[in-house]
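Please open the model in your viewer and keep the sequence panel beside it. The tour below suggests what to select at each stop and says what you will find there.

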Amino acid sequence: MADATSSGYSNDADEVEFPILCETCLGDNPYVRMTKEKLGKECKICSRAFTIFRWLPGRGMRYKKTEICSTCAKLKNVCQTCVLDLEHGLPVQVRDSMLSMQDDVPREESNRRDYLAKMANRLEVQGDPLDFSGKSQPAGRETLKRMARKEPYYKRNRAHVCSFFVKGQCTRGNECPYRHEMPDGDPGLAKQNISDRYHGSNDPVAQRMLARTRKSENSLVAPSDRSITSLFVMGMDGLAQADLRSHFAAYGELKSVVVVPKGNCAFVNFTARASAEAAAKAALGGCVVNEKSVRLAWAKPKPKGPESEVSKRTGGKSGSGSHQSKGPKDIPLPPGAQQGDKIVYPSQDPTALGAASSEK
């Protein structure tokens, strides 16, 4: 561990009485105890000396400690340990992408030191300098709410997998503080860098989450069938037909709005295809109707029933003799049958309900 007092940042050190932590890192133990070490280490972002806190989140978990200083955590509204967003528990890259935010923290040491000094003064005078709540981006905020976990994910605090056990060389048995199990999942997720996670770049976890979100948004890609002018609305949660009309009427003339209470969904039918495309394009990233988040998708055309064999043979014409089958001509005889025997074949026409057609 680097000596923080000899790094030249001791006069600009970060000393606090309690860390900035998310609920997951803090753990489920209400009587958690922490050890505190002033100027114990350098921040992994700004290299300033800061106060280290170390604690055990719960039984069977590993000891955790703070990794970045409180000033860097306030600038990004992140946890000092996991460096995830405090409000939604998501990576910084995901939050900044949804809220259209830019990373203004310099990477160069000289510029970063001046920037942090300026922002630290601004934090003391004005409070939080940036809006991380997403009030200016309601669609992005609703998307973050859907992506966020509803409850703390305490499994993230478990001990790491024992590398010696994976190699078959661990001799400590039950006394080993690490988990004796084979790793699963994508090995690329294990290669994470705190600096990249903080600045919101090259984060493998964030890239996977964004890719999953873009895949779900592909349902709003306009279908090739130009006759489809309807949108399927999911997650109504008490919204009325009038709410949908007032929201989607801004994109064009509506033919009808059909609400299905049992399915908690609705169909919005536009008169023109261009109006439906405009509404779908505006819903990319999230759709908010009367302060409630809903999901949109293009409606699918009604499936066509199976065409009758009789209709195929007669070309769709109906008549007195159209229902008489000419009988199979080129079908081989069944075993034991002789030429000239009367053979009855079951009809393969689903509209005939299994009725037999005989050769006349």
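Which residue in S2 does Lys-36 stand opposite? Select Lys-36 and look across to the partner strand, where Phe-53 of S2 stands opposite. Keep in mind throughout that this is a predicted model.

**The first hairpin**

Now select residues 34-42, which form strand S1, together with residues 49-55, which form strand S2. These two strands pair in the antiparallel sense, over six bridges. Strands of a sheet pair through backbone hydrogen bonds, either parallel or antiparallel. Between the strands of this hairpin there are six residues, and in the hairpin Ser-47 takes a positive phi near 65 degrees. Go back into S1 and select Leu-39, which has a positive phi of about 50 degrees although it is not a glycine. Most residues other than glycine have a negative phi.

**The five-stranded sheet**

Next, select strands S5, S6, S4, S8 and S7, which in that order make up an open sheet with antiparallel pairing. Strand S5 (254-260) and strand S7 (287-289) stand at the edges, and because each has a single partner strand, one side of each is left without a neighbour in the sheet. If you look along the sheet, neighbouring strands are turned by 30 degrees against each other on average, direction ignored.

At the S7 edge, add strand S8 (residues 292-298), which pairs with S7 in the antiparallel sense over three bridges. Here Cys-287 stands opposite Val-294 in S8.

At the other edge, move to the loop between S5 and S6 and select Asn-264. Its phi is near 55 degrees, a positive value in a residue other than glycine. Is Asn-264 buried, partly exposed or exposed? Asn-264 has 29% relative accessibility, so the residue counts as partly exposed, since that class lies between the limits of 20% for buried and 50% for exposed.

**The helix across the sheet and the core**

Select helix H10 (residues 273-282), which lies across strand S4 (230-234), strand S6 (265-270) and S8, and which runs at about 135 degrees to S8.

Then show the side chains of Leu-231, Val-233, Leu-244, Phe-248, Val-268, Phe-270 and Leu-296, which are the residues with the most contacts inside the largest nonpolar core, a set of 22 residues. The elements that give two or more residues to this core are S4, helix H9 (241-248), S5, S6, H10, S7 and S8. In soluble globular proteins, nonpolar side chains tend to be buried together.

Centre the view on Phe-270 and display what surrounds it: leaving aside residues up to four places away in sequence, Phe-270 touches several residues, including Leu-231, Phe-248, Tyr-251, Leu-254, Ala-276 and Ala-279. A second, separate core of 18 residues includes Ile-45, Cys-69, Val-83 and Val-92.

**The whole chain and its confidence**

Finally, zoom out to the protein as a whole, which has eleven helices and ten strands, and in which 34% of the 360 residues count as buried. Colour the model by pLDDT, whose mean is 78, with 76% of the residues reaching 70 or more. Confidence is highest in strand S3 (residues 64-65), at 93, and lowest in strand S10 (residues 356-358), at a mean of 51. Select residues 1-10 as well, where the pLDDT is below 50 and where the stretch has 18 contacts in the model beyond near neighbours in sequence. Over residues 318-326 the pLDDT is likewise below 50, and this stretch has eight such contacts.

Notes
Residues numbered from 1 in each chain as written. Predicted model: local features only at pLDDT ≥ 70, side-chain atom pairs only at ≥ 80, totals over all residues. Heavy atoms only, no water. Pairing = 2+ DSSP bridges. Helix = DSSP H or I, 4+ residues; strand = E, 2+ residues; numbered from the N terminus. Axes fitted to C-alpha atoms, helices over the stretch in contact; angles between N-to-C directions. Contact = heavy atoms within 4.5 Å. Core = buried A, V, L, I, M, F, W, Y, C linked by side-chain atoms within 4.5 Å. Buried < 20%, exposed > 50% of the residue type's maximum accessible area, 1.4 Å probe, protein only. pLDDT = per-residue confidence, 0-100.
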